[in-house]
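Visitor: I'd like a close look at one part of this protein, and then a walk through whatever surrounds it. Could you take me through it step by step?

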Amino acid sequence: MIAHVLKLHAQPTAWTGWEERVRLMVRPRRFEHVVRVAELAAQIAAANGADVACAYAAGILHDIARDLPDAELLRLAPPECEIDGLHPLALHGRAGRALLERWGYADTVVLEAVEDHTTGPRGDNRVAQAVYIADVSEPGRGVNADIRELALQDLNAALEKAIISKVTYLQGRGITVHPRTLRSYHALPCCAHLTDSGDSGHAAPTSAFQ
Ligand SMILES: [Fe+2]
Ligand SMILES: [Fe+2]
């Protein structure tokens, strides 16, 4: 099925075309997750003055490459660091963006949200921030309800909590943190002065590459 979709050349112009393409690219349970992320990202965007339509679109598209084989991920997104080579799943955000660009998707705000949802948002892209939080806290995950509720009040505070929790969790278990995640961590106003030891005092489990 996936190999078949990768060979398609027709460019869907209506939004429903993109949603259907995602449905064909991922496993059924993944698509259920994708819809929950899109709905929550839209709610978070609405609560924080961000673009609701872009947040929903980015939520639908964020895991478009998540179920591709490792070889395809590596082809679409050549490794930038050792972690990428050892764990190609870390590439599915960058690979998703690459795939969407090949298929003619051009909204850079959405593309950046897709690219960064795996390792952490950059700068002040509120859509990317909303999708990142929605991805780690959508109800189907069964964790991070506190981050979800916080995001519906204060997206900046939720982002800080989520990124600090992730870095602390990984470092506490001796797992190397992806350089892009460390970049997001050090971009937080509260963490700019910290070293990579991540001595934050926060802890909550999240997985390495959603
Ligand atoms: Fe996801
Ligand atoms: Fe993902």
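Visitor: Let's begin with Cys81: does Cys81 count as buried or exposed, and why?

Guide: Happy to, and keep in mind that this is a predicted model. Cys81 counts as exposed, because it has 12 C-beta neighbours inside 10 Å, and a residue with 12 or fewer falls in that class. You'll find Cys81 in the loop that joins H5 to helix H6 (82–86). Follow the chain from there and His178 is 97 residues away, yet the C-alpha atoms of Cys81 and His178 are separated by 8.3 Å.

That kind of long-range pairing leads on to the chain as a whole. Count the contacts between residues at least 6 apart in sequence, and 59% of them join residues at least 24 apart. The secondary structure comes to 12 helices and 0 strands, so reading from the N terminus you meet α elements one after another. Of the 210 residues, 46% count as buried.

Now for a contrast to Cys81, try Ala55, which sits in helix H4. Ala55 is buried, because 31 other C-beta atoms lie within 10 Å. Leaving out residues up to four places away in sequence, Ala55 touches Ala41, Ala42, Ile44, Ala45, Ala50, Val127, Ala130 and Val131. Val37 is 18 residues from Ala55 in sequence, and their C-alpha atoms are 9.4 Å apart. The helix around Ala55 has plenty of company in this: 8 of the 10 residues of H4 are buried, so H4 is largely enclosed by the rest of the structure. Those buried residues are Cys54, Ala55, Tyr56, Ala57, Ala58, Gly59, Ile60 and Leu61.

Several of the residues that Ala55 touches turn up again where two other helices meet. Helix H3 (residues 28–47) and helix H9 (residues 126–137) pack at an angle of about 130°, their axes 8 Å apart. That angle makes H3 oblique to H9, and the crossing of H3 past H9 is right-handed. On the H3 side, the contact is made by Val37, Leu40, Ala41, Ile44 and Ala45. H9 brings Arg126, Val127, Ala130, Val131, Ile133, Ala134 and Asp135. Sort the residues of that contact by type and you get 10 nonpolar, no polar and 2 charged.

Step back to the largest nonpolar core, which has 56 residues. The members that touch the most others are Ala41, Ala55, Ala58, Val127, Ala130, Val131 and Ile133. Take Ile133 from that list: setting aside its neighbours within four places in sequence, Ile133 is in contact with Ile44, Ile147, Ala151, Leu155, Ala158, Leu159 and Ala162.

One more helix is worth a stop. In helix H7 (residues 92–102), 9 of the 11 residues are buried, so H7 is largely enclosed by the rest of the structure. The buried ones are His92, Gly93, Arg94, Ala95, Gly96, Arg97, Ala98, Leu99 and Leu100. Among the elements covering them are helix H4 (52–61), helix H5 (70–76) and helix H8 (108–116). That brings back H4, the helix that holds Ala55, and H5, which lies on one side of the loop with Cys81. Just after H7, Gly104 takes a positive phi of about 95°.

How values were computed: Residues numbered from 1 in each chain as written. Chains lettered and ligands numbered in written order. Predicted model: local features only at pLDDT ≥ 70, side-chain atom pairs only at ≥ 80, totals over all residues. Axes fitted to C-alpha atoms, helices over the stretch in contact; angles between N-to-C directions. Helix = DSSP H or I, 4+ residues; strand = E, 2+ residues; numbered from the N terminus. Parallel < 35°, antiparallel > 145°, perpendicular 65-115°, else oblique. Left-handed = near helix turned anticlockwise from the far one by under 90°. Contact = placed C-beta atoms within 7 Å. Nonpolar A, V, L, I, M, F, W, Y, C, P; charged D, E, K, R; others polar. Buried ≥ 20, exposed ≤ 12 C-beta atoms within 10 Å, placed from the backbone. Core = buried A, V, L, I, M, F, W, Y, C linked by C-beta atoms within 7 Å.
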